[in-house]
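Trainee: Could you take me closely through the surroundings of the ligand, and then through whatever enclosed space the protein holds?

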Amino acid sequence: MNRLIIGITGGIGSGKTAVSNRFQALGITIADADVAARTVVQPGSKLLSDIAKHFGPDILTVAGALNRPKLRTIIFADIDARRFLERATHGPIMDQLRSELTAATSPYAMLVLSAGTGQNPLINRMLVVDAPIELQQARVLERDGSDLETINHIIAAQPARRERLALADDIIENPGSEQALDDKVAALHQFYLDLIHHD
Ligand code: ATP
């Protein structure tokens, strides 16, 4: 793939979805690693049947879908189970994302990654969405109604803000209003178009 593919990352509640929705509204194809991770284990998929073989049929709901809370509990407590799952899902998720990005017809495409800093071979540029921790907390409190302790656990388990920022080619600071974010996305979109045309 020699098309420009930009990864979007950022801590919980930083505004990745708010940013990617705006790029999408400008006509840019957006793939999402979390969505792909769900797509590849849909009922009827080979991967879901491999997972059920490994963990036993109790890992499925009565409707035959993956019982995610149960799987989360198992892999939280069992490192071998986590390794199995990572090995089994990695290839199908990458294939899914690659095919979505290859099918993109927009001038460039984007891949929303979760909060990680791990390099992803599908991307060739990284955009980090950044907001102060207090704002991350406030946004997630309001959006999900979860408690502060749970949110702080998630933030603590994610890579540190400075680690993420160190890997950024581009940064969108998102401490403010909807309008400010619209303007920043529009400016960055123009920058990416210029980048392609000067290549
Ligand atoms: P997660 O990691 O949990 O998926 P995220 O990084 O995708 O989070 P969003 O869901 O985009 O974050 O944003 C968190 C909340 O903050 C949402 O309710 C969103 O509408 C709101 N929000 C984000 N940016 C802004 C902004 N600039 N102005 C107002 N509200 C915002």
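**The ligand and its shell**

Mentor: A polar side-chain atom of threonine 17 lies 2.7 Å from an oxygen atom of the ligand, in what is, it should be said at once, a predicted model. Backbone atoms take part as well: an N or O atom of the alanine 18 backbone lies 2.8 Å from a ligand oxygen, and for glycine 13 a backbone N or O atom is found 3.1 Å from an oxygen atom of the ligand. On its own the ligand has 630 Å² of accessible area, of which the protein covers 75%.

Thr17 and Ala18 also belong, with Lys16, Arg143 and Asn174, to the residues that come nearest among the 15 around the ligand. By character, that shell is made up of eight polar, four charged and three nonpolar residues. Helix H1 (16-25), helix H6 (133-144) and helix H9 (178-197) each give at least two residues to the shell, and H1, with three residues, has the largest share.

As for enclosed space, a search of the whole structure finds one cavity of 30 Å³ or more, and the largest cavity holds about 50 Å³. Its lining includes Gly11, Ser14, Gln136 and Leu165, while strand S4 (125-130) and helix H8 (161-166) are the elements that give two or more residues to that lining. Among the lining residues are also Val128, Val129 and Asp130, as well as Arg161 and Arg164. Sorted by character, the residues lining the largest cavity are four nonpolar, three polar and three charged.

Conventions: Residues numbered from 1 in each chain as written. Predicted model: local features only at pLDDT ≥ 70, side-chain atom pairs only at ≥ 80, totals over all residues. Heavy atoms only, no water. Near = heavy atom within 4 Å. Polar contact = N/O pair within 3.5 Å; in protein donor to acceptor, adjacent residues only side chain to side chain. Areas by Shrake-Rupley, 256 points an atom, 1.4 Å probe, with all protein chains shown as cover. Helix = DSSP H or I, 4+ residues; strand = E, 2+ residues; numbered from the N terminus. Nonpolar A, V, L, I, M, F, W, Y, C, P; charged D, E, K, R; others polar. 1 Å grid on protein atoms, 1.4 Å probe; cavity = no way out; pocket = protein on both sides within 12 Å on 5 of 7 lines; lining within 4 Å. Points joined across faces, edges and corners; volume = space filled by probe spheres on them.
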